[in-house]
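This report introduces a protein structure to a reader who has not met it before. It treats a pair of strands, then the pockets, then the salt bridges.

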Amino acid sequence: MSPSDYLECSFFIPLVRDAELADGEPHPRRVWKWLDNELYVRFRGGTTAPGEYRGFYQDPDTGKQTSDRSRRFIVAIPEDRLDELRKLLLACCVFFAQKCIYLSVAGKVEFIAPD
């Protein structure tokens with residue numbers, strides 16, 4: 001497969017658990033290690049962008065403005081493996097106690113959330 005056959009995908013994981021779903025506390029180190037391991041096992045690599053990303057949005061449940069700080073992850077994968085990444089991010093919703101995960105696939109944005 002040539003490099004042009006890969007799509008750049010990036011996603012954000014907030015630094016703390018959602019206060020409505022959980023306790024709003026930081027994630028344990030083991031959960032971050034789990035994600036790194038999953039990215040390696042499934043896709044043979046990934047990048048954690050430097051620094052923290054501050055975001056804000058309207059909470060779909062409360063309608064209130066919410067802000068968070070996140071880590072950004074970047075992974076290059078073949079298009080035919082996008083569903084595998086989406087499934088991993090669904091698991092991230094559970095492991096990281098999030099209502100949804102922001103995913104950008106070659107500039108096209110999706111919000112991955114459990115049904």
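## The hairpin of S3 and S4

In this predicted model, Phe56 stands opposite Ser67, a residue of strand S4. The two strands concerned are S3, which covers residues 53-58, and S4, which covers residues 65-78. Their pairing is antiparallel and runs over six bridges. Together S3 and S4 form a hairpin, with six residues between them. Within the turn, Gly63 has a positive phi of about 75 degrees.

Strand S3 is hardly covered: of its six residues, the number that are buried is zero.

## The largest pocket

Which strand supplies the largest share of the lining of the largest pocket? That strand is S3, with six residues. The pocket holds about 450 Å³ of space, and 19 residues line it. Those nearest its centre are Tyr57, Asp68, Cys100, Tyr102 and Phe111.

Besides S3, the strands S1 (6-14), S4 and S5 (101-105) each contribute at least two residues to this lining. By class, the lining of the largest pocket consists of 10 nonpolar, four polar and five charged residues.

## The second largest pocket

The second largest pocket contains about 240 Å³ of space. Its lining is made up of 18 residues, and Asp18, Ala19, Tyr57, Thr66 and Ser67 are the closest to its centre. Tyr57 is thus named for this pocket and is also listed for the centre of the largest pocket. Ser67, the residue opposite Phe56 in the hairpin, is likewise among the residues closest to the centre of the second largest pocket.

Here S4 gives the most to the lining, with five residues. The classes in this lining are five nonpolar, six polar and seven charged residues.

## Salt bridges

How many salt bridges does the structure hold? There are nine. One of them joins the side chains of Arg17 and Asp23, with a distance of 2.8 Å from N to O. Arg17 is buried, because its relative accessible area of 19% falls under 20%. Asp23, at 45% relative accessibility, counts as partly exposed.

Another salt bridge links Glu38 and Arg42, whose closest N and O atoms are 2.8 Å apart. Both residues belong to helix H1 (residues 29-43) and are four residues apart, about one turn of the helix. Glu38 counts as buried at 17% relative accessibility, whereas Arg42 is partly exposed, with a relative accessible area of 24%.

## A link between two loops

Asp61 and Lys99 also form a salt bridge, their closest N and O atoms being 3.0 Å apart. Asp61 lies in the loop between S3 and S4, while Lys99 lies in the loop between helix H2 (82-95) and S5, so the pair ties together parts that are 38 residues apart in sequence. Asp61 is exposed, with a relative accessible area of 57%, but Lys99 is buried, at 17%.

The pair is also part of one network, in which salt bridges that share partners join Glu20, Asp59, Asp61 and Lys99.

Notes:
Residues are numbered from 1 along each chain as its sequence is written. This is a predicted model: local features need pLDDT of at least 70, side-chain atom pairs count only at pLDDT 80 or more; totals for chains, interfaces and linings use all residues. Side-chain values use heavy atoms; hydrogens and water are left out. Buried means under 20% relative accessible area, exposed over 50%, partly exposed in between (1.4 Å probe, protein chains only). Two strands pair if DSSP finds at least two bridges between them. On a 1 Å grid over the protein atoms alone, a cavity is a set of points where a 1.4 Å probe fits but cannot get out, and a pocket is an open set with protein on both sides within 12 Å along at least five of seven lines; lining residues have an atom within 4 Å of a point. Grid points are joined across faces, edges and corners, and a volume is the space filled by probe spheres set on the points. Ala, Val, Leu, Ile, Met, Phe, Trp, Tyr, Cys and Pro count as nonpolar, Asp, Glu, Lys and Arg as charged, and the others, Gly among them, as polar. A salt bridge is a side-chain nitrogen of Lys or Arg within 4 Å of a carboxyl oxygen of Asp or Glu.
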